[in-house]
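Trainee: I've got a new structure open and I'd like to learn how to read it. Could you walk me through it?

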Amino acid sequence: MLSNIRVVLVGTSHPGNIGSTARAMKTMGLSTLYLAEPKVEPDGHSIALAAGASDILKHAITVSSVEEAIADCSLVIATSARSRTLDWPMLEPREAGEKLVGSALNGPVAIVFGRENNGLTNEELQRCDYHVAIPANPEYTSLNLAQAVQIICYEARVAHLAQVQNSAEAVIETESEEAQEDFPSSKERENFFEHLENTLFSTNFIVKNHPGQIMTKLRRLFSRTRIERQEMNILRGILTSIDKVVAKSETKDK
């Protein structure tokens, strides 16, 4: 199950950080590493700092974007400092570990770590279901990349061990319930948001020249509620019916 938890590093610029991340992952039993648009590739320095976790480096998957790295994931959590400008559903590290483990029972999930110098962009953060902030000392919050990975991977392992220690009928109750639900993948969610935006443009609910923050707020709403695949299909059906009415109206006007 832990192999379904995907660690995604975005825009990593120091090969040593990739090696240290592999070491942090392996000590906690995680093995799936994705490198999204990395600035460097793993090298000898990476292998040295991996300290026996070079197998994770060997099987690391390099992709061109965050979108590609998380496309098939039903749950995506981004590491981020608490933001005043982007009010997104936030988790504590322990909550993040529990949600990752619970959802990983059904398929791949991802925890996304940003660039060493400036983290993740707002657009990348909005592609994630939740954000997690590590409650470091407010007077000195300087965690390096591998340390942050170690903390989240540790919490995932703690949640995993809690499940193992319970019988199959008595897993963590809230997470077992979530695991039984069928959530859309990241790619499916992005297709839905694109459909929603296009429909809102066609009805003039959103003005193209002045879109404002409507889509950002709608993304936040759906991230907070985490709708299931069947619910999303219903919503897309509603949007399609609206599209047909708009198309007929436009045809009559001509």
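**Domains, sheet and hollows**

Mentor: Sure, let's begin where the domains meet: 17 residues of domain 1 are in contact with ten residues of domain 2. Keep in mind that this is a predicted model.

Trainee: Where does each domain start and end, and how far apart are the C-alpha centres of the two?

Mentor: The domain assignment gives domain 1 as 2–170 and domain 2 as 186–253. Their C-alpha centres lie 30 Å apart.

Trainee: Okay, on to the sheet. What holds strands together in general?

Mentor: Strands of a sheet pair through backbone hydrogen bonds, and the pairing can be parallel or antiparallel. Here you have an open sheet of seven strands, paired in parallel, and the order across is β3-β2-β1-β6-β4-β7-β5.

Trainee: Which strands stand at the edges?

Mentor: Those are β3 (61–63) and β5 (90–91). Each has a single partner strand, so one side of each has no neighbour in the sheet. Take β5: two bridges join it to β7 (residues 130–132), and the two strands run parallel. Look for Leu91, which stands opposite Val132 in β7.

Trainee: And which strands does helix α1 touch?

Mentor: Helix α1 (residues 15–27) packs on the sheet, where it touches β1 (5–10) and β2 (32–36). The direction of α1 makes about 155 degrees with that of β2.

Trainee: Now the empty spaces. How many cavities of 30 Å³ or more does the structure hold?

Mentor: Two. The largest cavity has a volume of about 110 Å³. Of the 16 residues that line it, Asp129, Arg189, Phe222, Ser223 and Arg226 are the closest to its centre. The elements that give two or more residues to this lining are α9 (186–202) and α10 (214–225). Sorted by class, the lining of the largest cavity has seven nonpolar, three polar and six charged residues.

Trainee: Why does the largest cavity lie between the domains?

Mentor: Because domain 1 (2–170) and domain 2 (186–253) both give residues to its lining.

Trainee: What about pockets: how much space lies in the largest one?

Mentor: About 730 Å³. There are 25 residues lining the largest pocket, and the closest to its centre are Thr79, Ser80, Ala81, Leu143 and Ala148. The lining of the largest pocket divides into twelve nonpolar, nine polar and four charged residues.

Terms used:
Residues are numbered from 1 along each chain as its sequence is written. This is a predicted model: local features need pLDDT of at least 70, side-chain atom pairs count only at pLDDT 80 or more; totals for chains, interfaces and linings use all residues. Side-chain values use heavy atoms; hydrogens and water are left out. Two strands pair if DSSP finds at least two bridges between them. Helices (H or I, at least four residues) and strands (E, at least two) are DSSP runs, numbered from the N terminus. Contact means heavy atoms within 4.5 Å. Axes are lines fitted to C-alpha atoms, for helices over the stretch in contact, and angles run from 0 to 180 degrees between N-to-C directions. On a 1 Å grid over the protein atoms alone, a cavity is a set of points where a 1.4 Å probe fits but cannot get out, and a pocket is an open set with protein on both sides within 12 Å along at least five of seven lines; lining residues have an atom within 4 Å of a point. Grid points are joined across faces, edges and corners, and a volume is the space filled by probe spheres set on the points. Ala, Val, Leu, Ile, Met, Phe, Trp, Tyr, Cys and Pro count as nonpolar, Asp, Glu, Lys and Arg as charged, and the others, Gly among them, as polar. Domain bounds come from an automatic or database domain assignment.
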